[in-house]
Every structure is written in C-alpha cells, then in structure tokens.
Amino acid sequence: MVETIFDLPVEKQIFYAVLGFSWTVYLWEAYLAYRQRRIYRSITNVPQELGKIMDSETFEKSRLYQLDKSNFSFWSGLYSESEGTLILLLGGIPFLWDVAGSVTARFGFAPEYEITQSLVFLTLATLFSAFTGLPWSLYNTFVIEEKHGFNQQTVGFFLKDAVKKFAVTQCILLPVTALLLYIIKIGGDYFFIYAWLFTLAVSLVLVTIYADYIAPLFDKFTPLPEGELKSDIEAMARSISFPLTKVYVVEGSKRSSHSNAYFYGFFKNKRIVLFDTLLEDYSPLNKAGEPQPEQPESDETPSEPKAKPKNKKQGCNNPEILAVLGHELGHWKLGHTVKNIVISQMNSFLCFSLFAVLIGRKELFVAFGFNDSQPTLIGLMIIFQFIFSPYNELLSFCLTVLSRRFEFQADAFARGMGKASELYSALIKLNKDNLGFPVADWLFSMWHYSHPPLLERLRALGNVKQD
C-alpha cells in the first residue's frame, strides 16, 4: 500500500503540513505577481482615463521600475523560500541551537542556563539572516533603486548603516527576549497574561521613544523653521484639537528620493515628521538643479533633478502638504490608530493564550528536531512562526482590507476640511515622484494593496469635488 501523510507519525504530519503550507503561500504569491507582471508588460501606453494626470514618459518610467521590482521580488522570494525549506529539512534550527549551547558552555554556562543559550541562538540566527540577506539588499539598492534614480547612498554609507541597524536591533531584541523568556518561565499558570502585558508595555515604550532616541541615530531631524507652512500646520492641528507639540523635517534624501510623512506620540505629546523629499522647498534634489537652467526638461534621467525652481522635479507645495497632513490627521481623528493598536493587542493576547495551550505538546518540538529538549524560545518560534502561519495569512488579508477602508475614510476627512483638490494633485505628484504604476490586476490589488489604487482614490475625491 502507498503510505500517505496521514499514516505518518503526528510529528511528521506537522512538519510536512508546515512545509506544504509555506510553499502553497509562496506559489499563491508567485501567481499573483505573475498576473501583475502581465499588466506591466502588456499596458505600454497611458490608458485614456489617465491621460490628464500622467504623461507617457512618467508612465513608461513607472512601468519599467515596477517590472524590475517584481522580477527581483520573484527571485528573492524563491531564494528565501528555498533557504527556509533547506534549513528545516537539514535540521538547521536544532543545529544552531547546539552551536549556541557549545558557545555558552565555553563560557562556563551549564545547559540549565537556557535563557543565555537562547540569546546566543538569537544572535547567531540574526547574523545568519543578515549575511544571507545582504547581497539581495545590495542588489535592490545599488542596481534597481540606482537604475531608476532613487538611491542616494554610497556603498560605505549603506554598510555602515547596516552595521548600526544590526547593533541597535540587538541592543533592543536581546534584553526584551531575555525578560520575556523569564516571565514565561516564572509566570505559572497565567504566564500568558503577564507575557502579553509585557509585550504591550514594550511596544508602547518603543513607539514613544523611537522618533526621539532611536531614529536620530540614523537620520538627522531638524525642527521645521518658522514660517507660513509651520503656522498653517499648527492652525490645522488646532482646528481638530490635535495636540501637536513639534514638527520635524527628517533628512531622508541621504538614503532615497522616496517621500513620506508620519506622526507619533501618545496623549498630549504628538509630533509630525515630514521627509525633506516630500517638501518642494526643502528637497536637496530640487536645489541641486537650480544652477543648471539651460538643461532641457526632456533630457532628464530619473536621478537628475529639474533645473528650474519653478518646475521642480520632486515634492509637494505647501497647500498640497497640508492636504497630505489632513489625510494623516484624519487617521488620528477617526480613531484608526487606536483601532489598529486594539486589534494588534487582541491578536497578541489570543496568540499568547493559544501558545500557553500548545507549548506543552512535545510532538511540536520533535517535528522540528528537538527530541530531548523543549526550549521556550524554540517553542515561540515554532508556534508563532510555523503553526500560526495559516491564521497569520488570513489576519494579514483582513488587515489589508481594513487598511484600504481606513485610507478612503482619511481621504474623505481631508476632503471635508476643504482640501480635496490639493490632495488630488498631491496624490498625483507623489505617485509620479515614487514611480507608482497606476494600473493593477484586481486580484493582486485585493491581496496586497493596503492603500487603494491611485485611480480609485482620485475618483472618490474627484466625484465629490465636482458635486
């Protein structure tokens, strides 16, 4: 008789089910990406409905950029999936755990020092991940982003930044992990409640300190100078009772010409951060072009700034920036930020509760090569990363759908503030600056886009504006 997966021991069934689901998700993602690549390849002319908002040159640039990104994503995804499969099949996780045990033993720590061994294991695992991911990151930054005019980094800056990020991450990750493992071990029957409360506290602390103490380690933050823009931002914040305390400009242009804006902080201490690449009057890429007014606009390459200040290549003018911030403040006023936190913490509590039920199941550990021990950190990895993967995929899709709904609501909020036309033009400019492709396969868009496609947002704004 032919042996089926159901005839195998339960630990083997678990292992192959995890592997099978992982490849199923990968093949589904690859199929969706294939559908979207067909769009990139087949639509080479600006669709009629886009004729008034996008020129053919920008359309072609965005098409080629997104096609390159999609091809890169396919190969990097295939490598990642293959690497993960080999690690599982060859017993890479128990091997690395044994290596960590050998390292701790050399420093005089006996096997019962599980937390110490866990921290060494975590350090080795993140080092392995950093080294195997480095070539892909280098290629993405210095080939794809460079080719399409976004990269502003040197190799030296990139590597220095990577080392700094790794060091900062370890300084946060290791003590937090050590405390979490300790809480789980001493927490008794209700350890999952204490573990959840601890992770909640850590997330709130990190959100509070990130922009003040962590982000400045990598980027320069300067207060937005006094002037019309700052006054208008403060007035808009007051009009909706947003407790704004400071407005910063971050020097994002030293890494990339992509643009962004966000706010952070709790209670009565909110700050707004604007990337310099978002601000037409601040972007160094615009200023760099000013001394060369004789350069014809049609000869631009993606990495060259426009020559004439009045026809700047990048960023939004002040009314458009206010419209973008009106959208962001809409997320706050409509409670989207709080709702996302509540959903995240409800999910976290549910996962820790299920973890408490599953952590005692020896077959879960045996399935991944741990026949003689059941380390807590390995249990967290197996249950949260592998066993919960179907649930995580479903949750991710639901959150994507919810995020699109929130984006439409935030657009409507900005429109209600009288900024529909400014947001309309800002969305077009930001799409052009970031070479977003405005045509999407419906299934790819439904699964992946946390923000509605450009045309859908413009239609929602335009219809009301006409009304």
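The pLDDT is the predictor's confidence in each residue, on a scale from 0 to 100, and I begin with that term since what we have in front of us today is a predicted model. Across the whole chain the pLDDT averages 88, and 91% of the residues score at least 70. If we go element by element, helix α12, which covers residues 376–387, has the highest mean pLDDT, at 96, while the lowest mean, 62, belongs to helix α8, at residues 284–287. There is also a stretch, residues 289–311, over which the pLDDT is below 50, although in the model this stretch still has 37 contacts beyond its near neighbours in sequence. Where pLDDT is low, the predicted coordinates should not be read in detail, and I would ask you to keep that caution in mind when you look at the picture.

Let me turn to the sheet. Strands of a sheet pair through backbone hydrogen bonds, and they can do so either parallel or antiparallel. Here four strands form an open sheet with mixed pairing, and their order across the sheet is β1-β2-β4-β3. The edges are taken by β1, residues 221–223, and β3, residues 261–264; each of them has a single partner strand, so one side of each is left without a neighbour in the sheet. From one strand to the next, the twist averages 30°.

We can now walk across the sheet, pair by pair. Strands β1 and β2 run antiparallel and are joined by three bridges, and in this pair P223 stands opposite Y248 of β2. Next, β2, residues 244–250, pairs with β4, residues 270–275, in the parallel sense, over six bridges. Several residue pairs let you follow that pairing along the strands, including L244 opposite K270 in β4, V247 with its bridge partner I272, and V249 with its bridge partner L274. Finally, β3 and β4 pair in the antiparallel sense over four bridges, and there Y264 stands opposite R271 of β4. The sheet also has a helix against it, namely helix α7, residues 228–239, which lies across β2 and β4 and runs at about 140° to β2.

How much of strand β4 is buried? Five of its six residues are, so β4 is largely enclosed by the rest of the structure. A good residue to look at in this strand is I272, which counts as buried because its relative accessibility is 1%, where the cut-off is under 20%. Leaving out residues up to four places away in sequence, I272 touches a list of residues that includes I233, L244, V247, Y262, F263, L325 and L329. For a sense of scale, I272 and L364 are 92 residues apart in sequence, and their C-alpha atoms are 46 Å apart in space.

Now to the annotated positions. The UniProt record, an unreviewed entry, gives the annotation "active site" to E328 and D411. These are spread over 84 residues of sequence, and yet they cluster in space, with a largest C-alpha distance of 8.7 Å. E328 is found in helix α9, residues 318–333, and, not counting residues up to four places away in sequence, E328 touches A261 and F263. D411, in turn, has its place in helix α13, residues 389–416.

Is D411 buried or exposed? With a relative accessibility of 3%, D411 counts as buried. Setting aside neighbours within four places in sequence, D411 is in contact with H327, L423, R457 and L461. With H327 there is also a polar contact, made between the side chain of D411 and the side chain of H327, at 2.7 Å.

One last feature comes from the same kind of record. UniProt, again in an unreviewed entry, places "domain: CAAX prenyl protease 1 N-terminal" at residues 36–220. In the model this span is 79% helix and 0% strand, and its end C-alpha atoms lie 37 Å apart.

To close, the points I would like you to carry away are the open, mixed sheet of four strands, the largely enclosed strand β4, and the two annotated residues, E328 and D411, which cluster in space.

Notes:
Residues are numbered from 1 along each chain as its sequence is written. This is a predicted model: local features need pLDDT of at least 70, side-chain atom pairs count only at pLDDT 80 or more; totals for chains, interfaces and linings use all residues. Side-chain values use heavy atoms; hydrogens and water are left out. Helices (H or I, at least four residues) and strands (E, at least two) are DSSP runs, numbered from the N terminus. Contact means heavy atoms within 4.5 Å. UniProt positions are given in the numbering used here, feature names are shortened, and annotations may be inferred rather than shown by experiment. Buried means under 20% relative accessible area, exposed over 50%, partly exposed in between (1.4 Å probe, protein chains only). A polar contact is a pair of N or O atoms within 3.5 Å; within protein, one must be able to donate a hydrogen and the other to accept it, and residues adjacent in sequence count only if both atoms are side-chain atoms. Two strands pair if DSSP finds at least two bridges between them. Axes are lines fitted to C-alpha atoms, for helices over the stretch in contact, and angles run from 0 to 180 degrees between N-to-C directions.
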